[in-house]
Amino acid sequence: MKFAFSIDGTPYSYDLEGDFFWGKDSILFREEGNLIEKSTWKDRGYEILSFMDISLGKTLQHEVKRIIQSIFAELEIELPVTFKIEDYHQYIDTQELHQKVIQKTRWLTRSDFQIDWNALCQKASDFLQQPVNFNNPLLKDEIIILRISRPRSLDINPLHRDGYLDLWENVINLWLPIAGCNEHSSLPVLPGSHLWNEKDILRTGNKGASINGLTYHVPGIVKANYPLDMIRPNPQPGEALVFTPYLIHGSALNLNLNQTRFSLELRLSDQRKK
Ligand SMILES: [Fe+2]
């Protein structure tokens, strides 16, 4: 099915495969007990959090580069000393190779990075005025995803809400730009869409959406009774895009000509006593 949407006013489309259905008459985002209820941006569903000093931002970039270099070493791909991770696509030029890399980068944990994660969780907790951290009762180990999107590719996931998956019902999403992130590649979100009723959304079930032959865990949204007009908030290094898991996001086309985009996805869990 053709999936049509816009990002910052420019229309785009691509083919999204799956069995689509309209949802039930229900709003998944809870009015009370959600992690953004104390925020001034709860109707918008997202905000940019400036939470890292420059040196922590640089350390994160450095750690990601180290991870990528070690994967390249495993794949026996030689790199020049001047290697920049934005040049990733010049080395990983087949879908098969890219799949090998993302098998490794889609399930990282805190121990893969030499970062003070506690400080980061504290900053997020202060920002939300709610305690959050990596302890998700539905997971043995946390999942930190390093997303890699080559320029002018379909290295994207479909539009979705993370909250469709049980695992992500009680989390807050943090999306951190690492490299190649700008107004042409940053994650698009749909402001206010966490308040949309499911009966107004046409989507697939879990593991039911495919783009370019690749199937995704999250259900893919293909149509709604509202315009699918996305915007890219475009957080800068040292900032994070913070959003409720019920906000519709995704399809982060990288429209840069010659820069691979790297970003980190963290999901911090609600630690309030229930
Ligand atoms: Fe997501």
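**Iron site, salt bridges and nonpolar cores**

The iron ion is coordinated by three side chains, His160 through NE2, Asp162 through OD and His249 through NE2, at 2.1 Å. The model described here is predicted. In sequence, the donor residues of the iron ion follow the spacing H-x1-D-x86-H. Two of these donors bring together distant parts of the chain. Aspartate 162 sits in the loop between strand 6 and strand 7. Histidine 249 sits in the loop between strand 13 and strand 14, and the two residues are 87 residues apart. Both aspartate 162 and histidine 249 are buried.

Confidence was examined next. The protein chain has an average pLDDT of 93, and 99% of the residues score at least 70. Among the elements of the chain, strand 12 (residues 229-230) has the highest mean pLDDT, 98. The lowest mean, 86, belongs to strand 10 (residues 214-216).

Asp162 also takes part in charge pairing. Together with Arg147, Glu265 and Arg267, Asp162 is linked in a network of salt bridges. Within this group, the side chains of arginine 147 and glutamate 265 meet in a salt bridge, with an N to O distance of 2.7 Å. Arginine 147 belongs to strand 6 and glutamate 265 to strand 14, so the pair ties together parts that are 118 residues apart in sequence. The two partners can be described by their accessibility. Arginine 147 has a relative accessibility of 28% and counts as partly exposed. Glutamate 265, at 10%, counts as buried because buried means under 20% relative accessible area.

A search of the whole structure finds 13 salt bridges. In general, side chains of opposite charge can pair when their charged atoms come close. Arginine 272 has a salt bridge with glutamate 37, the closest N and O atoms lying 3.0 Å apart. Glutamate 37 is in the loop between strand 3 (21-22) and strand 4 (46-50), while arginine 272 is in the segment after strand 14; the pair therefore ties together parts that are 235 residues apart in sequence. Glutamate 37 is partly exposed, with a relative accessible area of 26%. Arginine 272 is also partly exposed, at 21% relative accessibility. Arginine 272 forms a salt bridge with aspartate 270 as well. Here the closest N and O atoms are 2.7 Å apart. Aspartate 270 counts as buried, at 10% relative accessibility.

The nonpolar interior was then considered. In soluble globular proteins, nonpolar side chains tend to be buried together. In this model, the largest nonpolar core has 46 residues. Phe113 and Phe262 have the most contacts inside this core. Elements giving two or more residues to the core include helix 1 (54-74), helix 3 (95-105) and helix 4 (117-128). Strand 6 (145-149), strand 7 (171-179), strand 13 (239-243) and strand 14 (261-270) do so too. Helix 1 gives the largest share, seven residues.

Phenylalanine 262 has contacts across the sequence. Beyond its neighbours within four places in sequence, phenylalanine 262 is in contact with residues including Val64, Ile68, Ile85, Tyr88, Leu146, Ile148, Pro177, Ile178, Ala179 and Cys181. Charged residues are also in the list, among them Glu86 and Arg147. A second, separate core has 29 residues. Ile145, Ile201, Val218 and Val222 are among its members.

Terms used: Residues numbered from 1 in each chain as written. Predicted model: local features only at pLDDT ≥ 70, side-chain atom pairs only at ≥ 80, totals over all residues. Heavy atoms only, no water. Core = buried A, V, L, I, M, F, W, Y, C linked by side-chain atoms within 4.5 Å. Buried < 20%, exposed > 50% of the residue type's maximum accessible area, 1.4 Å probe, protein only. Helix = DSSP H or I, 4+ residues; strand = E, 2+ residues; numbered from the N terminus. Contact = heavy atoms within 4.5 Å. pLDDT = per-residue confidence, 0-100. Salt bridge = Lys/Arg side-chain N within 4 Å of Asp/Glu carboxyl O. Donors = N, O, S within 2.8 Å, 3.2 Å for Na, K, Ca; no water.
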